[in-house]
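Biologist: Could you take me on a close look at the aromatic side chains here, and at what lies around them? I'd love one connected walk-through.

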Amino acid sequence: MKKFLSVAFALQLSVIWAFAQDASVNVAADARLGWKYNTLSGEPISAASGFKGDWLNLKVSGDITENLSFIYRQRLNRLGEPSSFFNSVDFLFVNWKHNDWTFSAGKQIVLVGGCEYNTAPIDLYICSEYWLNIACYQLGISAGRTLGDKDALTFQICQSPYNGMANNLYAYNLFWEGKRDLWTTYWSANAIEYNKGKYLGYLTLGNRFNLGELTFD
């Protein structure tokens with residue numbers, strides 16, 4: 001049995017530039033450092049224990065005009081991996097807002113319900129097996145509409161998280177975020193193509209509860 005103990009802390013640096021009346025850029029860097037102790041059947045795993053640096057993120061976001069914005073995040077700790085530069089980009093997309101509608105295009109978070117997918121990996125310490133094995137950042141487009149000041153519905157078409165298994169696979173996702181006094185929903189209905197013409201359909205019901213200073217998912 002594999003066991004682990006982790007003690008970590010995060011650092012954040014943020015800088016904001018305003019270079020026009022309606023335009024601004026926010027640049028932030030995040031890092032997570034800590035100490036780990038991993039064991040397998042009671043024996044320590046030396047390569048996976050000790051002081052470690054897990055994450056180093058660069059995040060840039062800003063407003064281009066009153067209605068047009070962008071957001072970009074890259075995991076700098078993945079640049080040395082045997083993958084393309086773009087694979088280390090979590091997301092890079094633009095948003096265009098018109099009244100209650102928001103349209104987005106680029107590399108986005110796959111809209112799967114639950115709180116893991118709406119949280120940066122640097123802020124996740126123990127993750128579900130599904131999250132660990134699904135590529136939750138994909139190229140796609142989405143359209144969302146706010147319903148009053150408490151609810152938002154978004155429909156997304158993107159590359160399938162299983163796109164590595166075959167070419168030209170797609171996912172179709174409907175996502176509801178609803179905010180109440182103590183309760184926030186992250187619910188989704190998803191049709192994920194895992195082979196040409198074959199889909200995995202599922203419902204995901206993520207819930208976040210805010211009780212004063214205490215938050216749990």
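Modeller: Happy to! Rings of Phe, Tyr and Trp (its six-membered ring) count as a pair if their centres lie within 6.5 Å. In this predicted model, Phe-91, Phe-93 and Tyr-137 form one aromatic cluster. A search of the whole structure finds 9 aromatic pairs. One of them joins Trp-96 and Phe-103: the ring centres are 5.9 Å apart and the planes meet at 25°, so this pair is stacked, given that stacking calls for planes under 30 degrees apart. Both partners can be placed by their accessibility: Trp-96 is partly exposed at 42% relative accessibility, and Phe-103 is partly exposed too, at 36%.

Now turn to Phe-175 and Tyr-186. Their ring centres lie 6.5 Å apart with the planes at 35°, so the pair is tilted. This contact links distant parts of the chain, with Phe-175 in strand β10 (residues 170-179) and Tyr-186 in strand β11 (residues 183-195), 11 residues apart. Phe-175 has 6% relative accessibility and counts as buried; Tyr-186, at 9%, is buried as well, because buried means under 20%.

Strand β10 also brings us to the surface. Leu-174 sits in β10 and is partly exposed at 43% relative accessibility. Leu-174 belongs to a nonpolar surface patch whose members include Ile-141, Phe-155, Tyr-172 and Tyr-199, with about 770 Å² of accessible area for the whole patch together. Strands β8 (137-147), β9 (151-159) and β10 each supply at least two residues of that patch.

Methods. Residues numbered from 1 in each chain as written. Predicted model: local features only at pLDDT ≥ 70, side-chain atom pairs only at ≥ 80, totals over all residues. Heavy atoms only, no water. Phe/Tyr/Trp six-rings, centres within 6.5 Å; stacked < 30°, edge-to-face > 60°. Buried < 20%, exposed > 50% of the residue type's maximum accessible area, 1.4 Å probe, protein only. Helix = DSSP H or I, 4+ residues; strand = E, 2+ residues; numbered from the N terminus. Patch = residues over 30% accessible without salt bridge, like charges linked within 9 Å, V, L, I, M, F, W, Y side chains within 5 Å. Areas by Shrake-Rupley, 256 points an atom, 1.4 Å probe, with all protein chains shown as cover. Salt bridge = Lys/Arg side-chain N within 4 Å of Asp/Glu carboxyl O.
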